[in-house]
Amino acid sequence: MGRIPYLLCLILTFSTPFAANRLWTTVEGKTQLGELFEVEGDEVGIRIEEREYRFLINRFIPSDRQFIRDWSRILRCHRCSERLGNSPIKEAGPYKFHEQCFTCLVCNEGFQGGEKLKRDEWGGLVHSNHFHKAKVCDSCSKIISPRMLSTKQILKDGRINCLSCASDGVYDVKRMEEVRRRVWPTLSSLGISLPKGNVNIRVVAKQVIDKQALKINARGNLRGLTLTSYKIVSDGKFTRTTFDHDIFILHGMPHIECSSVLAHEYAHIWLNERFIEDIPAVVEGFCNLVSEATLFKEKGKLASIILENMKQSDNPVYGAGYRRMKQRLSVLGWPALLAEMKRKSKPPTLQ
Ligand SMILES: [Zn+2]
Ligand SMILES: [Zn+2]
Ligand SMILES: [Zn+2]
Ligand SMILES: [Zn+2]
């Protein structure tokens, strides 16, 4: 960072002591200027160069953690993060607001009390009858004010991300490789072994996934897709099967969601390489269990929202299938569940 931005930060620090950039230091020693705007459970929201990031509080050195504790001890407005002080306070669930900040994210009118409101998991509020005009984050379901929406939040396939999901989005193969490394320890701990075949991971737009999905008759709100092809080679004595897998992952999903989708796709590969067949609810339910295991490893709020969506889903395949397989897992445990799945194997035979 050059000299001028540093000076600007200093000026900011002195002019607005409670909404200011400060230097953050991680336990690994990395430093970054950013403005604290939210503390939620184990997570902290920090604005860095107009982007919003969420970090686990324990990523920071003790003096930063003390700063976070002091900051969150002050009663703050959920909308603007400023101190609430003696001015009148408005409340919606666990969230408190300045009177002037207690407004609809769509029409910006203040709430009078008594009107029907719709609230997201993040404390965003709109008039119920304005909800259809609101933009909602494709990953975390946060309501986004249409006035605040910037072009960088609109993905090329038309999906919309909130600022923090957009900042954490996985858009390329390099970031995807980080995600891949993040999910494998979890998959291995369940007993899922590494694929034998080649795996080609692509980060693509929604239209690409939908088009590829036609090949295997899959439909719905797909976030990932796996296509497996195999070859059986025999020289009369020995038979050998080789596999090629293409994983398509929706681009721009935040890390945590991307990990859960990638884990689901690797579960398909594990099934495909064993020619394990069953009805869609069992297959997708099993893959969602693997997905769930990666979400359990994450502490953040986004992970619990994705988990909750999976639990509540009324989709007969992904939702009901997941609940059915979760029941099975609670009876059997992972080793016996994997063994049970393997018994459904129907390898093709050469004619
Ligand atoms: Zn406020
Ligand atoms: Zn409104
Ligand atoms: Zn979001
Ligand atoms: Zn699937």
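1. Gly191 comes just after helix α4 and adopts a positive phi of about 105°. This value, like every other in this note, is computed from a predicted model.

2. Helix α4 itself covers residues 173-190. At 1.5 Å a residue, its 18 residues should span 26 Å; the end C-alpha atoms are 25 Å apart, so the expected and computed values agree. The helix nevertheless has a bend of about 25° at Val183. A proline, Pro185, follows Val183 within four residues.

3. The next element to consider is a sheet. Three strands form an open sheet with mixed pairing, in the order β12-β14-β13. Its edge strands are β12 (198-204) and β13 (224-234), each of which pairs on one side only. On average, and with direction ignored, neighbouring strands of this sheet are turned by 15° against each other.

4. Within this sheet, β13 is paired with β14 (residues 239-250) in the antiparallel sense, over 11 bridges. As an example for the student to locate in the structure, Lys231 has Thr242 in β14 as its bridge partner.

5. Which strands does helix α6 touch? Helix α6 (residues 255-273) packs on the sheet and touches β12, β13 and β14. The direction of α6 makes about 25° with that of β13.

6. Helix α5 (residues 206-213) should be examined as well. This helix lies across β12, β13 and β14, and it runs at about 145° to β14.

Technical notes: Residues numbered from 1 in each chain as written. Chains lettered and ligands numbered in written order. Predicted model: local features only at pLDDT ≥ 70, side-chain atom pairs only at ≥ 80, totals over all residues. Pairing = 2+ DSSP bridges. Helix = DSSP H or I, 4+ residues; strand = E, 2+ residues; numbered from the N terminus. Axes fitted to C-alpha atoms, helices over the stretch in contact; angles between N-to-C directions. Contact = placed C-beta atoms within 7 Å. Expected span 1.5 Å × (residues − 1). Bend = angle between axes of the 7 residues up to and from the residue.
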